[in-house]
Amino acid sequence: MPSYGWLLALTLAALAGNIAAAVTYEGTERNCSVIPPYLPSTAVNTTLQLQQLRQQMHLMSISAYIIPGTDAHLSEYIASRDARVAFMTGFTGSAGTAVVTQSKAALWTDSRYWVQAERQMDCNWELEKDVSVSSLAQWLISEVPSGGEIGFDPFLFSLKTQEEYAINLESSNRTLKSMPDNLVDKVWKDRPPIPPDSLTRLPDRVIQRSWQTKVELIRNQMRDNPYEPTALLLSALDETAWLFNMRGNDIPYNPFFYSYTLLTMDEIWVFLHSNRLTNDLKAYLNSSCTGPLCVQLKNYEDVLSHLKTYVAQPGVKVWIGTEYTNYALYEIITPQDKLMTSSYSPVLTTKAVKDDKEQQILRDAHVRDAVAVIQLLMWLEQAVPKGSETELSAAEYVNNRRSQQKDSRGPSFETISASGPNAALAHYSPTEETNRKLTVDEMYLVDSGGQYLDGTTDITRTVHWGTPTAMQREAFTRVLMGNIELSRTIFPSGTRGVNMEMLGRRALWQVGLNYGHGTGHGVGNYFGVHEWPVGFQSNNVAFRAGMFTSIEPGYYKDNDFGIRIEDIVVTVPVNTKYGHNFLTFDTVSLVPYDRKLIDTSLLSSEQLEWLNNYYKTIRELVGAELDKQKLKEEKDWMLKHTEPFSSASVCSSSLTVVALAITLLHNLV
């Protein structure tokens, strides 16, 4: 028999090395390869909730349980009571899916959040970096025994998600099991309650169309549809809020409230927590009658049973938008001839095109918002060289300045205030543990926005208070070039954003740079800061006049710096030489870019002209607002930072073309 003494010696030596490594290891991310594992102070102990969930799984005879990071309305931003992934894993990013078996637990999230996950999760959890359903399904097949059942809450699955899981698990002898009673909720003893705040209606001064007008507008679209739907089911939270010109406070940073609507040609049912409606609001909704413009109020929890009763009637057909209808509601609309689907409901596509009032007040909100951002940048320019400010203090400052603006309703999302290597994380927000001091030696990125009674804002600026490197200036300028190229492009009405998106990347691609997030998203009128279905992704709708979207190219160098330039633009008609059904973008975010980061030698003459015209607009619109608010120092700062750039410095490629043309002419002569 061979001796294994050498193996034991090596094992002990390796073990001793790992223990020593654990003692000396320090960092902001977990290290589960050392003994004992190293966990930063930001990591959350999840042992108890995993133990309790597995007990529930055992009682239900399921081998695995899927926990999506959304709510019953498939929202991007969710209330704390719906943050089941965060409760189970400790990870608080806005995108992620967790899966638990009796022996393993894993989280899937995208590259924006990998570092954050390593900082927040303990070693009970594996981090999977392929976010596709196929990757998750393959993991399930490898971990779940043949014949095993995989539980899921159908209220948290979209139609597409359920279908993708079913396809990927097909022929594997593992099956999905729909479980309407959420198992995480069963073990979440201190789950936050629904906020008690009353719902509100928008004041008339910010409304062009009454809710009655909107209802008839949507009914007309139902009548005109060749598939002849008899009812429309609205599931996304912003659908009911938009239709009835109402707002709530159920979702952080988003003025939504838990609700569904079932609209027919002669009846309206709204499902919500009716105890939060004042008598005035009930009267506003005509809730005491039963006519075609009377809102019948139902309990939020009754939507499933009411929909089932409606579908049981002969001759009915329910129209749903598949992007925001959960699987629990979808699966009871049977048989299939009682179902009509489109990617988005007519409410979402109608809401995407702002009416004249909405366009004007959203522009107005951005002018006031620019004042707050200018105040932040001016203050930081003065304070950072003194060495006393941090990422957190900057975020608090800009939110405080916004709160002083007319009709402010708080921030529209958690402020991204990031310096140096933190800015390389595209969606980083500072905490007490990660907060860094701002210095003149590093770049600083601030992505922030406000909710106002007349609009929602979102703007990103990147600055440097010292001497940027040549690479930082080039990267910044190329990001700016992408922003300008998209902003100034002219395109036929009906063009999809995905077909133009590369314009935001082209200048970066030319030197081998890129960014890993989307190029833009819709924005609302005192609504979500990410408002679908507008934007530059493949599942966004085609652009029409009156749509608002962000344009936000960027570049991120790992562990060094991050750059993003984000503006909100509106699609407007433009006359061309031969065609009249063309659009372009008009920028409504009105804050200057950091001059010292712009290398004008890289800009074309057309890009430079656009930039100078943009600065002229800032001077006119924001200058008048600064005068109105009697902010002389801020106006002086704004005027200094919007001085026109000299046209003497133009793109080197343009100069080359000019020189070549002169040479050719000389030879011809």
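Here is a short exchange between a student and a tutor about how features of this predicted model get their labels.

Student: What kind of model is this, and how are residues numbered?

Tutor: The model is predicted, so local features need pLDDT of at least 70 and side-chain atom pairs count only at pLDDT 80 or more, while totals for chains, interfaces and linings use all residues. Residues are numbered from 1 along each chain as its sequence is written, and side-chain values use heavy atoms, with hydrogens and water left out.

Student: What makes C32 and C123 a disulfide?

Tutor: A disulfide is a pair of cysteine sulfur atoms within 2.5 Å. The sulfur atoms of C32 and C123 are 2.0 Å apart. That value meets the cut-off, so the pair is called a disulfide.

Student: Where in the chain do these two cysteines sit?

Tutor: The pair links distant parts of the chain, 91 residues apart. C32 is in the loop between helix 1 (5-24) and helix 2 (47-59). C123 is in the loop between helix 4 (114-120) and strand 4 (126-128). Helices here are DSSP runs of H or I with at least four residues, strands are E runs of at least two, and both are numbered from the N terminus.

Student: Why is the disulfide of C32 and C123 called left-handed?

Tutor: Look at the torsion about its S-S bond. It is about -95 degrees, so the disulfide is left-handed.

Student: How many disulfides does the structure hold?

Tutor: Two. The other joins C289 to C294, with S to S at 1.8 Å. Its S-S torsion is about -100 degrees, so this disulfide is left-handed. Counting bonded cysteines along the chain, the pattern is 1-2, 3-4.

Student: Why is C294 called buried or exposed?

Tutor: Buried means under 20% relative accessible area, exposed means over 50%, and partly exposed lies in between (1.4 Å probe, protein chains only). C294 has 8%, so it is buried. Its partner C289 has 31%, so C289 is partly exposed.

Student: What about C32 and C123: buried, partly exposed or exposed?

Tutor: C32 has a relative accessible area of 38%, so it is partly exposed. C123 has 30% and is partly exposed too.

Student: What is unusual to see in the backbone at P36 and P335?

Tutor: Look at the peptide bonds. The bond from I35 to P36 is cis, with omega near -5 degrees. P36 is in the loop between helix 1 and helix 2. A cis bond also joins T334 and P335, with omega about -5 degrees. P335 is in the loop between helix 12 (327-330) and strand 14 (339-342).

Student: What is the phi of E228, and how do you know whether E228 is buried or exposed?

Tutor: Phi is positive, about 55 degrees, although E228 is not a glycine. E228 has 59% relative accessibility, over the 50% mark, so it counts as exposed. Its place is in the loop between helix 8 (211-224) and strand 8 (231-234).

Student: How do you know that E485 makes a polar contact with Q607?

Tutor: A polar contact is a pair of N or O atoms within 3.5 Å; within protein, one must be able to donate a hydrogen and the other to accept it, and residues adjacent in sequence count only if both atoms are side-chain atoms. The side chains of E485 and Q607 come to 3.1 Å, so the distance fits. A polar contact of 3.2 Å also joins the side chains of E485 and R488. E485 is in helix 16 (residues 470-488). At 14% relative accessibility, E485 counts as buried.

Student: How do you know that strand 25 pairs with strand 26?

Tutor: Two strands pair if DSSP finds at least two bridges between them. Six bridges join strand 25 (residues 567-574) to strand 26 (residues 582-587), so they pair. They run antiparallel. One bridge partner of this kind is F585 in strand 26, matched to T571.

Student: What makes strand 21 and strand 22 edge strands?

Tutor: Four strands form an open antiparallel sheet in the order 21-26-25-22. Strand 21 (491-492) and strand 22 (548-551) each have a single partner strand, so one side of each is left without a neighbour in the sheet.
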